[in-house]
Amino acid sequence: MKFDVDVLILFAGNDNNANKNELGWVSQFKKFLELMLNQVLGEKSTILLQADNDAPSIELSKVGVLVPILSKEFVQAEECQQRLHGFLKTSQATDRIRNRIFKVFKTPLTVQDQPSVISDLIGYDMYQLDPDSGEIREYSDYFSTEAERQYWMKMVDLAYDIYDALVSLKSGGDMTEIKSILKRKTIYLAETGHDLSVQRNIIKRELQRHGYVVLPNQTLPGNVAELEKLVRRDLEESHLSIHLIGSSYGEIPEDSDRSVVDIQNKLAAEKSTSSKEANKEFTRLIWISPT
């Protein structure tokens with residue numbers, strides 16, 4: 001399958017306001033993504049910007065991958081919402097085309113504040129988070145130690161995930177049918193508190209590099225009943241679960257008094273016990289931070 005545009009970056013115009021002699025945030029993001037994606041692909045990719053106040057310049061059916069830059073401005077921009085829905089409508093196979101959308105967070109948004117059609121997709125946080133204070137701000141120095149640990153780590157993730165999508169599209173593959181042939185190739189890597197998100201990300205990439213399917217592969221629900229249902233489903237597909245326990249207790253979902261970190265560990269413990277009783281293979285690995 002051939003597309004005129006590999007990646008279309010959709011954003012609210014105000015998110016790309018620039019100071020004198022500097023690129024706007026979105027333009028800077030495009031520059032870095034293009035550099036990274038070209039290295040991964042081994043060839044030049046076609047990446048275009050589309051602001052909400054720009055006249056449509058490309059037919060959405062000719063776009064391979066859509067990258068919406070999520071912010072409060074994006075949510076409030078009617079044109080951004082229309083183009084997002086327009087991209088989804090370019091295929092009757094909605095689930096399949098959702099695998100071609102990679103949402104990027106310029107600023108934090110709750111699940112409730114995000115466009116509902118993509119709220120469950122995994123996102124890429126491209127803002128600066130102070131792990132000690134919890135303070136959130138935009139990067140002013142893209143080459144600082146903090147940027148190396150957060151911004152660039154997510155940029156690498158995004159580039160490789162877009163690469164996988166483009167390769168599958170160009171080869172005519174159906175990404176919704178890409179599953180592990182053997183159950184032993186699937187690992188549940190539990191979501192962590194914010195203090196261990198970088199370490200989790202490193203482990204995830206190493207597992208994927210060695211051919212493992214890593215779950216969960218979507219944003220965990222904010223409601224405890226839906227959360228437990230999804231975690232149980234993913235654990236059933238896995239032969240191993242890995243839990244990183246740090247100083248951060250983690251977010252507490254709606255209608256629960258336990259954190260997401262705690263709930264995942266509890267359900268994995270139940271799975272481990274039931275697997276032993278049924279003489280089935282399932283292992284739970286827990287790593288506790290020494291600090």
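**Exercise 1. Which residues does Asp234 touch, not counting residues up to four places away in sequence?**

Before solving it, a word on the model. This is a predicted model, where local features need pLDDT of at least 70, side-chain atom pairs count only at pLDDT 80 or more, and totals for chains, interfaces and linings use all residues. Residues are numbered from 1 along each chain as its sequence is written, and side-chain values use heavy atoms, with hydrogens and water left out.

*Solution.*
- Step 1: find the residue. Asp234 sits in helix H8; helices (H or I, at least four residues) and strands (E, at least two) are DSSP runs, numbered from the N terminus.
- Step 2: check its cover. Asp234 has a relative accessible area of 3% and is buried, where buried means under 20% relative accessible area, exposed over 50%, and partly exposed in between (1.4 Å probe, protein chains only).
- Step 3: list the partners. Asp234 touches Tyr188, Leu215 and Pro216; contact means heavy atoms within 4.5 Å.

**Exercise 2. Work out how H8 is laid out, from its length to its two faces.**

*Solution.*
- Step 1: test the length. H8 covers residues 224-236, and its 13 residues should span 18 Å at 1.5 Å a residue. The expected span is 1.5 Å times one less than the number of residues. The end C-alpha atoms of H8 are 18 Å apart, which agrees.
- Step 2: pick out the buried residues. In H8 they are Val224, Leu227, Leu230, Val231, Asp234 and Leu235.
- Step 3: look down the axis. The buried residues of H8 fall within an arc of 135 degrees, so they line one face of the helix; the arc is that of the directions from the helix axis to the C-beta atoms. As a reminder, an α-helix has 3.6 residues a turn, so residues three or four places apart point the same way.
- Step 4: flip to the other side. The face turned away from the buried side of H8 carries the exposed residues Ala225 and Lys229.
- Step 5: see what covers the buried residues. The cover includes strands E8 (186-189), E9 (213-215) and E10 (240-245), plus helix H9 (260-277).
- Step 6: look at the start of H8. There, a side-chain oxygen of Asn223 comes to within 2.9 Å of the backbone nitrogen of Ala225.

**Exercise 3. Sort out three loop residues: is each of Gln114, Pro56 and Ala18 buried, exposed or partly exposed?**

*Solution.*
- Step 1: Gln114. Its loop runs between strand E4 (103-105) and strand E5 (123-125). With a relative accessible area of 8%, Gln114 is buried. Beyond four places in sequence, Gln114 touches Leu70, Lys103, Phe105, Leu109 and Ser119.
- Step 2: Pro56. You'll find it in the loop between strand E2 (47-51) and strand E3 (63-70). Pro56 is exposed, at 64% relative accessible area, and its contacts beyond four places in sequence are Gln50 and Arg83.
- Step 3: Ala18. This one belongs to the loop between strand E1 (5-11) and helix H1 (25-41). Ala18 counts as partly exposed at 46% relative accessibility. Its C-alpha atom is 25 Å from that of Val5, 13 residues away along the chain.

**Exercise 4. Zoom out: what radius of gyration does the protein chain have?**

*Solution.*
- Step 1: get the reference. A compact globule of 291 residues would have a radius of gyration near 19 Å, using 2.2 Å times the number of residues to the power 0.38, over C-alpha atoms.
- Step 2: compare. The protein chain has 20 Å, which agrees.
- Step 3: add context. The chain holds nine helices and eleven strands, and buried residues make up 47% of its 291 residues.

How values were computed:
Polar contact = N/O pair within 3.5 Å; in protein donor to acceptor, adjacent residues only side chain to side chain.
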